[in-house]
Amino acid sequence: MRSLLLAIHLVILPLFPPLFAGPLGLMLPTDNDAIFSADPSKFYMYTDRNFEGVQSKPWQGGTYGFSRNQKRTSVGIVYTRLHEGVDIRPVRRDDSGNPLDDIYSIMDGTVVYVNASSTGSNYGRYIVVHHDWGYGPFFSLYAHLSSATATLGQKVRAGQPIAKMGYTGAGINRERAHVHVEFNMLLSDRFQVWYDRHFTSKNNHGIYNGFNLTGMDIAALLKAHRANPNLTIDQFLASQELHYKVLIPGGKKLDFLRRYPFLGRNVNSVMFPKSWEFSFTATGIPLAIEPNKQQVSYPTVTYVKPSGTDHSYLTAGRLSGSGSTAKLSPSGSRYMQLISDSF
Ligand SMILES: [Zn+2]
(Lines give C-alpha, C1' and ligand atoms only; values in the text may rest on other atoms or scores of the structure.)
Protein backbone atom coordinates (compact mmCIF):
# COMPACT_ATOMS: atom_id res chain seq x y z
CA MET A 1 0.00 0.00 0.00
CA ARG A 2 2.78 2.35 0.93
CA SER A 3 4.58 1.70 -2.37
CA LEU A 4 1.34 2.24 -4.28
CA LEU A 5 0.83 5.58 -2.58
CA LEU A 6 4.42 6.48 -3.34
CA ALA A 7 3.92 5.55 -7.01
CA ILE A 8 0.79 7.71 -7.25
CA HIS A 9 2.62 10.56 -5.60
CA LEU A 10 5.46 10.33 -8.14
CA VAL A 11 3.03 10.43 -11.07
CA ILE A 12 1.46 13.72 -10.02
CA LEU A 13 4.79 15.51 -9.53
CA PRO A 14 5.75 17.95 -12.28
CA LEU A 15 8.20 16.45 -14.77
CA PHE A 16 10.93 19.04 -14.20
CA PRO A 17 10.69 20.55 -10.74
CA PRO A 18 12.78 23.74 -10.62
CA LEU A 19 16.24 22.94 -9.29
CA PHE A 20 17.23 26.36 -7.97
CA ALA A 21 13.82 27.93 -7.62
CA GLY A 22 13.77 30.85 -5.26
CA PRO A 23 11.70 33.75 -3.98
CA LEU A 24 10.99 36.78 -6.12
CA GLY A 25 12.93 39.52 -4.31
CA LEU A 26 10.27 41.96 -5.47
CA MET A 27 10.50 45.76 -5.03
CA LEU A 28 8.25 48.66 -6.02
CA PRO A 29 8.89 50.24 -9.45
CA THR A 30 8.92 53.85 -8.13
CA ASP A 31 9.05 55.74 -4.81
CA ASN A 32 5.22 55.68 -4.74
CA ASP A 33 4.33 53.11 -2.06
CA ALA A 34 0.66 54.10 -1.55
CA ILE A 35 -0.47 50.72 -2.94
CA PHE A 36 0.13 49.42 0.60
CA SER A 37 -1.66 52.35 2.27
CA ALA A 38 -5.30 52.85 3.20
CA ASP A 39 -5.69 55.21 0.23
CA PRO A 40 -4.72 53.50 -3.06
CA SER A 41 -5.99 56.54 -5.01
CA LYS A 42 -2.56 58.07 -4.27
CA PHE A 43 -0.90 55.13 -6.06
CA TYR A 44 -2.95 54.81 -9.24
CA MET A 45 -3.20 57.33 -12.07
CA TYR A 46 -6.83 58.01 -12.98
CA THR A 47 -8.35 57.52 -16.42
CA ASP A 48 -10.68 59.96 -18.16
CA ARG A 49 -14.07 58.29 -18.19
CA ASN A 50 -17.21 59.30 -20.09
CA PHE A 51 -20.11 56.98 -19.25
CA GLU A 52 -23.63 57.83 -20.42
CA GLY A 53 -22.64 61.48 -20.66
CA VAL A 54 -21.07 61.69 -17.18
CA GLN A 55 -17.38 62.67 -17.06
CA SER A 56 -15.21 61.34 -14.24
CA LYS A 57 -11.56 60.62 -13.38
CA PRO A 58 -11.63 57.33 -11.44
CA TRP A 59 -8.32 56.12 -9.99
CA GLN A 60 -9.71 52.59 -10.39
CA GLY A 61 -9.05 52.99 -14.13
CA GLY A 62 -5.34 52.62 -13.34
CA THR A 63 -5.72 49.26 -11.59
CA TYR A 64 -4.95 45.85 -13.09
CA GLY A 65 -7.72 43.83 -14.69
CA PHE A 66 -11.14 44.74 -16.02
CA SER A 67 -11.08 48.36 -14.96
CA ARG A 68 -12.14 50.24 -18.11
CA ASN A 69 -14.94 50.62 -20.68
CA GLN A 70 -18.11 50.34 -18.60
CA LYS A 71 -21.11 48.57 -20.06
CA ARG A 72 -24.63 48.29 -18.64
CA THR A 73 -25.72 44.63 -18.80
CA SER A 74 -28.48 42.39 -17.42
CA VAL A 75 -26.29 41.67 -14.38
CA GLY A 76 -25.34 45.30 -13.77
CA ILE A 77 -22.44 47.45 -14.90
CA VAL A 78 -19.38 45.48 -16.03
CA TYR A 79 -15.97 46.77 -17.03
CA THR A 80 -15.08 45.02 -20.25
CA ARG A 81 -11.59 46.25 -21.16
CA LEU A 82 -8.58 44.47 -19.77
CA HIS A 83 -5.70 46.56 -18.39
CA GLU A 84 -2.72 44.20 -18.19
CA GLY A 85 -0.68 46.31 -15.80
CA VAL A 86 -0.88 49.08 -13.21
CA ASP A 87 -0.60 52.84 -13.88
CA ILE A 88 1.47 54.45 -11.12
CA ARG A 89 1.19 58.20 -10.59
CA PRO A 90 4.27 60.37 -10.04
CA VAL A 91 5.28 61.59 -6.58
CA ARG A 92 7.51 64.37 -7.95
CA ARG A 93 6.99 66.93 -10.73
CA ASP A 94 8.93 70.00 -11.89
CA ASP A 95 7.35 73.48 -12.08
CA SER A 96 5.93 72.72 -15.53
CA GLY A 97 4.28 69.53 -14.30
CA ASN A 98 6.72 67.09 -15.87
CA PRO A 99 7.18 63.94 -13.79
CA LEU A 100 10.62 63.49 -12.19
CA ASP A 101 10.29 59.97 -10.76
CA ASP A 102 12.97 57.34 -11.30
CA ILE A 103 11.73 53.95 -12.48
CA TYR A 104 13.36 50.95 -10.78
CA SER A 105 13.65 47.35 -11.89
CA ILE A 106 11.26 45.40 -9.65
CA MET A 107 13.61 42.37 -9.48
CA ASP A 108 17.12 41.27 -10.36
CA GLY A 109 17.34 40.64 -14.08
CA THR A 110 18.69 41.58 -17.51
CA VAL A 111 17.43 44.31 -19.82
CA VAL A 112 16.30 42.44 -22.95
CA TYR A 113 14.47 45.18 -24.84
CA VAL A 114 14.61 48.98 -25.06
CA ASN A 115 12.17 50.75 -27.35
CA ALA A 116 13.82 54.16 -27.47
CA SER A 117 11.28 55.63 -29.91
CA SER A 118 8.28 57.48 -28.49
CA THR A 119 6.24 56.46 -31.53
CA GLY A 120 5.53 53.04 -33.05
CA SER A 121 3.94 51.54 -29.92
CA ASN A 122 0.98 52.33 -27.66
CA TYR A 123 3.50 51.85 -24.84
CA GLY A 124 5.57 54.80 -26.10
CA ARG A 125 9.17 54.39 -24.90
CA TYR A 126 9.42 51.13 -22.97
CA ILE A 127 11.86 48.72 -21.37
CA VAL A 128 11.54 44.98 -20.82
CA VAL A 129 13.60 43.21 -18.11
CA HIS A 130 14.02 39.42 -18.04
CA HIS A 131 13.87 37.55 -14.71
CA ASP A 132 14.37 33.87 -13.94
CA TRP A 133 14.50 32.23 -10.50
CA GLY A 134 14.23 28.68 -11.80
CA TYR A 135 10.61 28.82 -13.01
CA GLY A 136 11.28 29.90 -16.58
CA PRO A 137 11.51 33.38 -18.11
CA PHE A 138 9.34 36.20 -16.74
CA PHE A 139 9.36 39.78 -17.99
CA SER A 140 8.65 43.08 -16.29
CA LEU A 141 7.68 45.88 -18.66
CA TYR A 142 7.81 49.64 -17.96
CA ALA A 143 6.00 51.95 -20.41
CA HIS A 144 5.33 55.61 -21.30
CA LEU A 145 8.91 56.50 -20.29
CA SER A 146 10.49 59.89 -20.79
CA SER A 147 13.84 58.14 -21.25
CA ALA A 148 15.49 54.80 -20.70
CA THR A 149 18.67 55.00 -18.62
CA ALA A 150 19.54 51.29 -18.64
CA THR A 151 20.91 49.80 -21.85
CA LEU A 152 20.20 46.63 -23.78
CA GLY A 153 21.90 43.61 -22.20
CA GLN A 154 22.59 45.38 -18.90
CA LYS A 155 22.28 43.31 -15.75
CA VAL A 156 20.20 45.15 -13.16
CA ARG A 157 19.42 44.62 -9.49
CA ALA A 158 16.03 44.96 -7.83
CA GLY A 159 15.58 48.66 -7.01
CA GLN A 160 18.16 49.86 -9.53
CA PRO A 161 17.07 52.89 -11.63
CA ILE A 162 16.46 51.94 -15.27
CA ALA A 163 14.37 54.84 -16.64
CA LYS A 164 12.63 58.17 -16.04
CA MET A 165 8.86 58.52 -15.88
CA GLY A 166 7.16 60.28 -18.80
CA TYR A 167 4.01 60.42 -20.89
CA THR A 168 4.96 58.91 -24.26
CA GLY A 169 2.57 56.61 -26.12
CA ALA A 170 -1.13 56.48 -26.89
CA GLY A 171 -3.88 58.28 -24.94
CA ILE A 172 -1.65 59.97 -22.38
CA ASN A 173 -0.70 63.58 -21.62
CA ARG A 174 1.45 65.44 -19.10
CA GLU A 175 -1.30 65.64 -16.50
CA ARG A 176 -1.82 61.86 -16.70
CA ALA A 177 1.94 61.10 -16.74
CA HIS A 178 2.54 57.67 -15.17
CA VAL A 179 4.50 54.49 -15.54
CA HIS A 180 2.55 51.49 -16.77
CA VAL A 181 4.12 48.34 -15.28
CA GLU A 182 3.37 44.76 -16.30
CA PHE A 183 4.62 41.40 -15.13
CA ASN A 184 4.48 38.93 -17.99
CA MET A 185 4.91 35.44 -19.32
CA LEU A 186 6.12 34.98 -22.92
CA LEU A 187 3.60 33.30 -25.23
CA SER A 188 5.77 32.14 -28.16
CA ASP A 189 9.39 32.17 -29.33
CA ARG A 190 8.01 32.09 -32.91
CA PHE A 191 5.90 35.20 -32.46
CA GLN A 192 6.94 36.79 -35.78
CA VAL A 193 5.42 33.91 -37.78
CA TRP A 194 2.10 34.29 -35.92
CA TYR A 195 2.22 38.08 -36.34
CA ASP A 196 2.78 37.88 -40.10
CA ARG A 197 -0.29 35.62 -40.42
CA HIS A 198 -2.59 38.12 -38.76
CA PHE A 199 -1.18 41.59 -39.40
CA THR A 200 0.10 43.54 -42.37
CA SER A 201 1.83 46.27 -40.32
CA LYS A 202 5.49 45.94 -39.36
CA ASN A 203 6.35 44.45 -35.96
CA ASN A 204 9.09 46.72 -34.57
CA HIS A 205 9.51 44.95 -31.25
CA GLY A 206 10.41 41.32 -32.00
CA ILE A 207 9.19 38.84 -29.39
CA TYR A 208 8.77 41.75 -26.92
CA ASN A 209 5.68 43.01 -28.73
CA GLY A 210 2.84 43.43 -26.21
CA PHE A 211 0.76 40.82 -28.08
CA ASN A 212 3.36 38.18 -27.14
CA LEU A 213 3.46 39.06 -23.43
CA THR A 214 0.58 38.15 -21.13
CA GLY A 215 0.37 40.22 -17.94
CA MET A 216 -0.64 38.76 -14.59
CA ASP A 217 -2.11 40.68 -11.61
CA ILE A 218 1.00 42.61 -10.57
CA ALA A 219 -0.85 44.52 -7.81
CA ALA A 220 -1.93 41.24 -6.19
CA LEU A 221 1.64 39.97 -6.63
CA LEU A 222 3.12 43.03 -4.88
CA LYS A 223 0.69 42.66 -1.96
CA ALA A 224 1.15 38.89 -1.67
CA HIS A 225 4.92 39.34 -1.69
CA ARG A 226 4.71 41.99 1.03
CA ALA A 227 2.68 39.57 3.18
CA ASN A 228 5.13 36.72 2.45
CA PRO A 229 8.64 37.75 1.29
CA ASN A 230 9.44 34.08 0.56
CA LEU A 231 6.63 33.87 -2.00
CA THR A 232 7.48 31.99 -5.20
CA ILE A 233 5.79 32.49 -8.55
CA ASP A 234 4.15 29.06 -8.61
CA GLN A 235 2.63 29.75 -5.18
CA PHE A 236 1.30 33.07 -6.41
CA LEU A 237 -0.25 31.63 -9.58
CA ALA A 238 -1.84 28.83 -7.54
CA SER A 239 -3.72 31.57 -5.62
CA GLN A 240 -5.25 33.06 -8.78
CA GLU A 241 -8.85 32.24 -9.69
CA LEU A 242 -9.66 29.75 -12.45
CA HIS A 243 -12.15 31.17 -14.96
CA TYR A 244 -12.09 28.84 -17.98
CA LYS A 245 -10.41 25.77 -19.49
CA VAL A 246 -9.52 25.07 -23.09
CA LEU A 247 -8.52 21.80 -24.79
CA ILE A 248 -5.80 22.31 -27.36
CA PRO A 249 -4.96 19.66 -30.01
CA GLY A 250 -2.10 17.44 -28.79
CA GLY A 251 0.23 15.05 -30.56
CA LYS A 252 3.29 17.19 -29.96
CA LYS A 253 5.36 18.64 -27.16
CA LEU A 254 4.31 22.06 -26.00
CA ASP A 255 6.96 24.72 -26.23
CA PHE A 256 5.09 26.78 -23.62
CA LEU A 257 5.30 23.85 -21.18
CA ARG A 258 9.02 23.44 -21.92
CA ARG A 259 9.41 27.13 -21.01
CA TYR A 260 7.23 26.92 -17.88
CA PRO A 261 7.43 23.26 -16.74
CA PHE A 262 6.06 24.10 -13.27
CA LEU A 263 2.60 24.59 -14.88
CA GLY A 264 2.48 20.90 -15.91
CA ARG A 265 0.15 18.47 -14.13
CA ASN A 266 0.54 14.71 -14.66
CA VAL A 267 2.81 15.36 -17.61
CA ASN A 268 5.10 12.37 -17.08
CA SER A 269 2.29 9.86 -17.55
CA VAL A 270 1.55 10.83 -21.18
CA MET A 271 4.13 12.59 -23.33
CA PHE A 272 2.08 12.94 -26.52
CA PRO A 273 -1.51 13.20 -25.33
CA LYS A 274 -4.49 13.57 -27.67
CA SER A 275 -4.96 17.07 -26.29
CA TRP A 276 -3.68 19.48 -23.64
CA GLU A 277 -6.06 21.13 -21.21
CA PHE A 278 -5.08 24.69 -20.27
CA SER A 279 -6.61 26.39 -17.22
CA PHE A 280 -6.86 30.19 -17.44
CA THR A 281 -7.72 33.16 -15.27
CA ALA A 282 -10.34 35.57 -16.66
CA THR A 283 -7.45 37.72 -17.89
CA GLY A 284 -5.89 34.83 -19.86
CA ILE A 285 -3.06 33.84 -17.52
CA PRO A 286 -2.35 30.09 -17.77
CA LEU A 287 -2.53 28.42 -14.34
CA ALA A 288 -2.06 24.75 -15.26
CA ILE A 289 -1.53 22.49 -18.28
CA GLU A 290 -2.59 18.86 -18.20
CA PRO A 291 -2.67 16.01 -20.77
CA ASN A 292 -6.16 14.91 -21.82
CA LYS A 293 -7.44 11.82 -23.64
CA GLN A 294 -10.09 13.64 -25.65
CA GLN A 295 -9.32 14.25 -29.33
CA VAL A 296 -10.03 17.77 -30.60
CA SER A 297 -9.24 19.21 -34.01
CA TYR A 298 -9.23 22.84 -32.84
CA PRO A 299 -9.04 24.64 -29.47
CA THR A 300 -12.26 23.97 -27.56
CA VAL A 301 -13.65 25.46 -24.33
CA THR A 302 -14.39 22.68 -21.81
CA TYR A 303 -15.27 24.79 -18.76
CA VAL A 304 -16.27 28.36 -18.05
CA LYS A 305 -17.33 29.96 -14.79
CA PRO A 306 -21.09 30.43 -15.29
CA SER A 307 -22.22 33.97 -15.99
CA GLY A 308 -25.51 35.77 -16.57
CA THR A 309 -23.91 38.10 -19.07
CA ASP A 310 -21.91 37.65 -22.26
CA HIS A 311 -18.64 35.85 -21.58
CA SER A 312 -16.87 38.22 -23.94
CA TYR A 313 -17.21 41.04 -21.36
CA LEU A 314 -15.49 38.96 -18.68
CA THR A 315 -12.65 37.43 -20.74
CA ALA A 316 -11.27 40.37 -22.75
CA GLY A 317 -13.35 39.17 -25.70
CA ARG A 318 -11.60 35.79 -25.92
CA LEU A 319 -14.80 33.80 -25.24
CA SER A 320 -18.37 34.28 -26.44
CA GLY A 321 -21.71 32.89 -25.28
CA SER A 322 -23.34 33.03 -21.85
CA GLY A 323 -24.50 30.80 -19.01
CA SER A 324 -22.34 27.74 -18.42
CA THR A 325 -21.20 27.28 -22.03
CA ALA A 326 -18.80 29.31 -24.11
CA LYS A 327 -16.88 29.26 -27.38
CA LEU A 328 -13.62 30.83 -28.37
CA SER A 329 -13.97 34.05 -30.34
CA PRO A 330 -11.65 34.67 -33.31
CA SER A 331 -9.29 36.63 -31.02
CA GLY A 332 -9.51 33.84 -28.41
CA SER A 333 -8.61 31.28 -31.07
CA ARG A 334 -5.62 33.37 -32.14
CA TYR A 335 -4.50 33.58 -28.50
CA MET A 336 -4.72 29.78 -28.15
CA GLN A 337 -2.74 29.34 -31.39
CA LEU A 338 -0.03 31.60 -30.05
CA ILE A 339 0.23 29.99 -26.60
CA SER A 340 0.30 26.46 -28.09
CA ASP A 341 2.68 27.29 -30.94
CA SER A 342 0.05 25.98 -33.41
CA PHE A 343 0.25 28.30 -36.39
ZN1 LIG B 1 -1.63 51.31 -18.20
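These legends accompany an overall view and several close-ups of a predicted model.

**Figure 1. Overall view of the predicted chain.** The chain holds 7 helices and 19 strands. Its radius of gyration is 21 Å, close to the 20 Å that the globule rule gives for 343 residues, so the chain is as compact as a globular protein of that length. Along the principal axes, the C-alpha atoms fill a box of roughly 70 × 50 × 45 Å. Of the 343 residues, 48% are buried. Take the contacts between residues at least 6 apart in sequence: 61% of them join residues at least 24 apart. The accessible surface comes to about 15900 Å². Carbon and sulfur atoms account for 54% of that surface. The chain carries 34 positive and 25 negative charges, and the mean positions of the two sets are 5 Å apart.

**Figure 2. Close-up of M185 in strand β12.** The strand spans residues 179-186. M185 has a relative accessible area of 0%, so it is buried. Buried means under 20%. Leaving out residues up to four places away in sequence, M185 touches F138, N212, L213, T214, M216, F256, Y260, F262, L263 and P286. F139 is 46 residues from M185 along the chain. The C-alpha atoms of these two residues are nevertheless separated by 6.4 Å.

**Figure 3. Close-up of V114 in strand β7.** V114 counts as partly exposed because its relative accessibility is 23%, and the partly exposed class lies between 20% and 50%. Residues up to four places away in sequence aside, V114 touches Y126, I127, A148, A150, T151 and L152. For one of these partners, T151, the C-alpha separation from V114 is 7.1 Å. V114 and T151 are 37 residues apart along the chain.

**Figure 4. Close-up of S121 in the loop between β7 and β8.** Strand β7 covers residues 109-115, and β8 covers 125-131. S121 sits in a loop, yet it is buried, with a relative accessible area of 17%. Its contacts beyond four places in sequence are N115, Y126, G169 and H205. Y126 also appears among the residues touched by V114.

**Figure 5. Close-up of S329 in the loop between β19 and α7.** Strand β19 covers residues 327-328, and helix α7 covers 330-339. S329 counts as buried because its relative accessibility is 9%. Which residues does S329 contact, leaving aside neighbours within four places in sequence? They are G317, R318 and L319. With G317, a polar atom of the S329 side chain lies 2.6 Å from the backbone oxygen.

**Figure 6. Close-up of T325 in the loop between β18 and β19.** Strand β18 covers residues 319-320. T325 counts as exposed because its relative accessibility is 55%, and exposed means over 50%. Outside the residues up to four places away in sequence, T325 touches V304, H311 and S320. Y44 is 281 residues from T325 in sequence. In space, C-alpha to C-alpha, T325 and Y44 are 35 Å apart.

**Figure 7. Close-up of E52 in the loop between β1 and β2.** Strand β1 covers residues 49-51, and β2 covers 54-56. Is E52 buried or exposed? With a relative accessible area of 52%, E52 is exposed. Its backbone deserves a look too. Phi of E52 is near 50 degrees, a positive value in a residue other than glycine.

**Figure 8. Close-up of A316 in the loop between α6 and β18.** Helix α6 covers residues 311-314. A316 has a relative accessibility of 30%, so it counts as partly exposed. What is the phi of A316? Its value is near 60 degrees. That is a positive phi in a residue other than glycine.

Notes. Residues numbered from 1 in each chain as written. Predicted model: local features only at pLDDT ≥ 70, side-chain atom pairs only at ≥ 80, totals over all residues. Heavy atoms only, no water. Helix = DSSP H or I, 4+ residues; strand = E, 2+ residues; numbered from the N terminus. Rg over C-alpha atoms; globule rule 2.2 N^0.38 Å. Buried < 20%, exposed > 50% of the residue type's maximum accessible area, 1.4 Å probe, protein only. Contact = heavy atoms within 4.5 Å. Areas by Shrake-Rupley, 256 points an atom, 1.4 Å probe, with all protein chains shown as cover. Lys, Arg positive; Asp, Glu negative; His and termini not counted. Charge placed at Lys NZ, Arg CZ, Asp CG, Glu CD. Polar contact = N/O pair within 3.5 Å; in protein donor to acceptor, adjacent residues only side chain to side chain.
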